[in-house]
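Work through the exercises below with the model open beside you, and try each task before reading its solution.

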Amino acid sequence: MFEPVILVTALINGLMFGAIYALVALGLTLIYGVLHIINFAHGALLMLAMYAVYFLFNLLGIDPYLALLLVIPSFFVLGYLLYRGIIGKLAHGQDQNILLITLGLSVIFENAALFFFKADTQTLNLDYAYEMIEIGPALVTLPKLISFGASIVIGLALWLLMAKTDLGKAIRAVAKERVGARLMGINVDHIFAVSYGIGIACLGAAACLLMPSFYVTPTIGHVFVIIAFTIVVLGGMGSFIGALVGGFIIGITESFGGLFLGESLGQIGIPLIFVLILLFRPTGLFGVKA
Amino acid sequence: MKNDNRTHQISRRKLLKASGASVVTASIGFPAILSAQSKSVKIGFIHPASGFLAYPGAQCRLGGQMAVEEINAAGGIRSIGAKLEAVLGDSQGKPEIGSAEVEKMAESGVNAFTGCYQSAVGLAASQAAAKYNLPFSIDVGVSDRLVSRGLKNVFRFADGYGRITQDAVNNLNEINKAAGSPANSAVIVHEESEFGSGTARLLSGRLKDTGWEIKDVIKHANPTRNFDNVALRIRSMKPDIIIPVNYPGEYILLARTLKQQRVPFMASYSVLGGGFNFKFMDELPEIAEHMIDVNHWYNPNSAKGREMRKKVEAKGKYFTFEVYCTYNSIRLLADAFERAGTTDPDAVNAALATSTLDPLMMPYGPTKMVNGQNMGSRAVSIQAQKVGGKVDAQVVYPNEFASAKAIFPRPA
Amino acid sequence: MNFQKPSWMILGTLILVLLPWILFSEFLISFAVIVLYSATIGHSWNILGGYAGQFSFGSVLFFGTGAYTSSVLQMNFGINPWIGLIAGILMGALVGAFVGFLSFRFGLRGSYFALITLAFAEAFRIIANTVEFTGAGMGIYIPLDQHPLNFQFEGRTGFYYVILALFLIATAITLKLENSRFGSRLKAIRENEDAAEALGINTFRLKMQAIMISGGIGASGGTFYAQYYLYIDPSIAYGVDKSVEMLLVSIIGGMGTVMGPFIGSLVLHLINEISRHFINAPGLSLVVYGVILVLIIGFLPKGLTGAFQSQKKVKRA
């Protein structure tokens, strides 16, 4: 039906876009893996980060890739404070409350953004966004290629953090056994907040890498949320490799789905994978069996 | 456990007392707050001020409020001796909230409505208004169902997609002919909901009737994050023309992707293109240049049109079609109130039905209402062209309103 | 004091029945309709989530199925929407059985169950967007034909009584559940499913029953919506917004209680209405809504009914 050239191109396109999905999912999988909460505010926080990138460029002339140095740490702080100050405090440890609080936060953020930034679709006009690199038969924009590389780098960095540092060990301890970790002298609340902060910092990175190719409006978060959840479940909650591989798989599925079933029905691949994974391997491809 | 059953129930008596009291005060206080004001002709604005269509909603409000200001500055509704008053409502993009707002406003003494940008909300809201027979002046909704339900209170000054697609096809054929008919195949890319699907279906049929080959009709999701594969498919089909019908975010993404993927085509000829406006041309000029759209648009040769554009841009806003469509929907109502000399709904609806409102800055024929639809309305073809270093919109067809000739096919 | 005495129930019901005569405002009757409608679909979530402890993020599945069933039957086959309502309820229960069977047979619990319901809702939305008989992306418009036999009424009052009936039925079901062995078994499953299983409770069958009831109730809300607003499309019928609304009203009101969905619905809609009334700036009223939401959850973790519960305890001491 389709020539091999088209199939290969679709594959490459899928990989490239999958990397962006993976970036969004990386933060979510950490938050889910450690805190066991479904972070409803994930999309809204991505949106805020994207606005930050937009304003840094338009008001201060800072290139989005340079902005990484600013956005990542500041969103870490934002995430930390959000958890420490609001989520952790108000949730009283109940999972469904955390869910609703993050939901409430997303309503607040989206509408505050609407109020302050208005609803216009905002884009960045960067010259290098039109530089195309040839990868086989496919033409890939420079920003997409950079995102691809960056997602792997960030995924690796996160993995190193978890595996090799003391902080990482503490996070893993807390994720596995909350009470025991506390008994070992680990400040669990602090660790929770740090984990949430890292997760949100990932969103900051995702935003910097996404803005050159995309656009932002107050409701842009919705566009990525379900996909992010699917990837987290597919890859395995708490697994960064899983988020990367999951992102690529979803990207490719979406690409081929669109090619064979049309862009509208082609979307079915995503919930289908979601359902199948949940039924047959709920812990995900790389998740640890409970 | 303990006395779970009992303690889980709140004091029912307390609840009923509290809600009973608030309900009674509400039925006196709530809507009445609005009617406590001085005598004025109140027009309810029902637009999506929040949610994903908040931008067009804000633009609609802007246009409507400008109309109210101007009319009041000229003396308001002189035959009634009252000024116009805009009562702002947020539909939040949902039919249920839009119609609830209508009810609230109707009970607080609003005399007419304008809205709703979205056809789905417009349908529900105008139906709610029909119960009170209050005039409802549709500003932007393009679904033809809006004016085909036999409701005596619904009017639309602008066009519906039935006639817009007709104009689109006619204009395209004329533009093509003027260039020697180089194009004869097209691909339509549309968003999946009623707006996109309905328009695409009509376009496809009409184009085929006039001899075009429709290579494909590509439906895409709302929202779509990535058009790489769509670009791929289009490139393999090699159509002469691409016809997008979608909302701003996707419109821009698609246009960008087509350029990035170096997809060759003679023209992008969108119909009701969501993102085709001055903002697009300002921010992404290299992409916008030479794109053509068929849409509600003002007559660039009219003094009033130019003046209004300046005024809006002086406020730091863009002169998008929502602004003047709502502006005109208010003019339509004001004119009817003036001629009726009363706010009585029956009289106003009758006045609306016989309206001969001056199109003013719109490229329309004379106003004539048939079943609530203004038959004089028309959509025009606009192209983004570079004028003195800046990319600006020029009306390129029909000739009587054109401000420039179409550049078709676009230069290689 | 036992607040589930029949006398209180009767008083409450009486007031609701007489409400259109007490409120002399179409707008307030409209408001009451929305509150009761939200409460009804809230009941759907509450039975599965509040009582059986199976949190669903995709309850809109039942709502949309009900809406589409009655609308498709009406537009494509000319079947009366009242019959469509019954058909919708059956379809809702069937869809519940389908999702429940897969999820429960494969042992999905907690957030896994929540996520799979979300996935199913998304899948249905995409399918509804594609197949012709649901009108695909165009959705289904139901022509205006106001006559009680058509399940369309001229004023709000007719619709009010229909939704009141649906709400009362859902409340009665929940009440029956609260006081029955079925209900206490569901609660046992909620508290500790493994222990319940060990005690010999057939958790699979009970959860299936709960999800089917949930499905039927949710579907009834869907048909009502379709007849009230006369338009549905895939994002209205299967969009995640309604799922959130269904769980929100129940949790805020107090999940696992009979009055929870009603109270949650009333309070949330009042907040929305009041903040919209006083704040005109776009977005700001919803910011206020979000803040209040967060505060309610933060300070009343058991929901609003829980607040009164702790008040009671304090009084006794």
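**Exercise 1. Backbone outliers by phi**

Determine how accessible B:Arg262 is, and where in chain B it lies.

Solution. B:Arg262 has a relative accessible area of 49%, and is therefore partly exposed, the class between buried (under 20% relative accessible area) and exposed (over 50%), with a 1.4 Å probe and protein chains only. B:Arg262 sits in the loop between helix H10 (248–260) and strand S9 (267–271) of chain B, where helices (H or I, at least four residues) and strands (E, at least two) are DSSP runs numbered from the N terminus. Its phi is near 55 degrees, a positive value in a residue other than glycine. Most residues other than glycine have a negative phi, and most peptide bonds are trans.

As for conventions, this is a predicted model in which local features need pLDDT of at least 70 and side-chain atom pairs count only at pLDDT 80 or more, while totals for chains, interfaces and linings use all residues. Residues are numbered from 1 along each chain as its sequence is written, chains are lettered from A and ligands numbered from 1 in the order in which they are written, and side-chain values use heavy atoms, with hydrogens and water left out.

Now characterise A:His36 by its phi and its place in chain A.

Solution. The phi of A:His36 is near 55 degrees, a positive value in a residue other than glycine, and the residue belongs to the loop between helix H1 (4–35) and helix H2 (42–60) of chain A. Its relative accessibility of 36% makes A:His36 partly exposed.

**Exercise 2. Cis peptide bonds**

Locate the cis peptide bond that involves B:Cys116, and then the one that involves B:Pro409.

Solution. B:Gly115 and B:Cys116 are joined by a cis peptide bond with omega of about -5 degrees, and B:Cys116 lies in the loop between strand S3 (112–115) and helix H6 (119–131) of chain B. The bond from B:Phe408 to B:Pro409 is also cis, with omega near -5 degrees, and B:Pro409 falls in the segment after strand S14 (390–397) of chain B.

**Exercise 3. An open sheet**

Give the strand order of the seven-stranded open sheet in chain B, and identify its edges.

Solution. The order is S7-S6-S8-S9-S10-S13-S14, with mixed pairing, two strands being paired if DSSP finds at least two bridges between them. Strand S7 (213–220) and S14 of chain B are the edge strands, each pairing on one side only. Within the sheet, S9(B) and strand S10 (residues 292–295) of chain B pair in the parallel sense over three bridges, and B:Ser270 has B:Asp293 as its bridge partner in S10(B).
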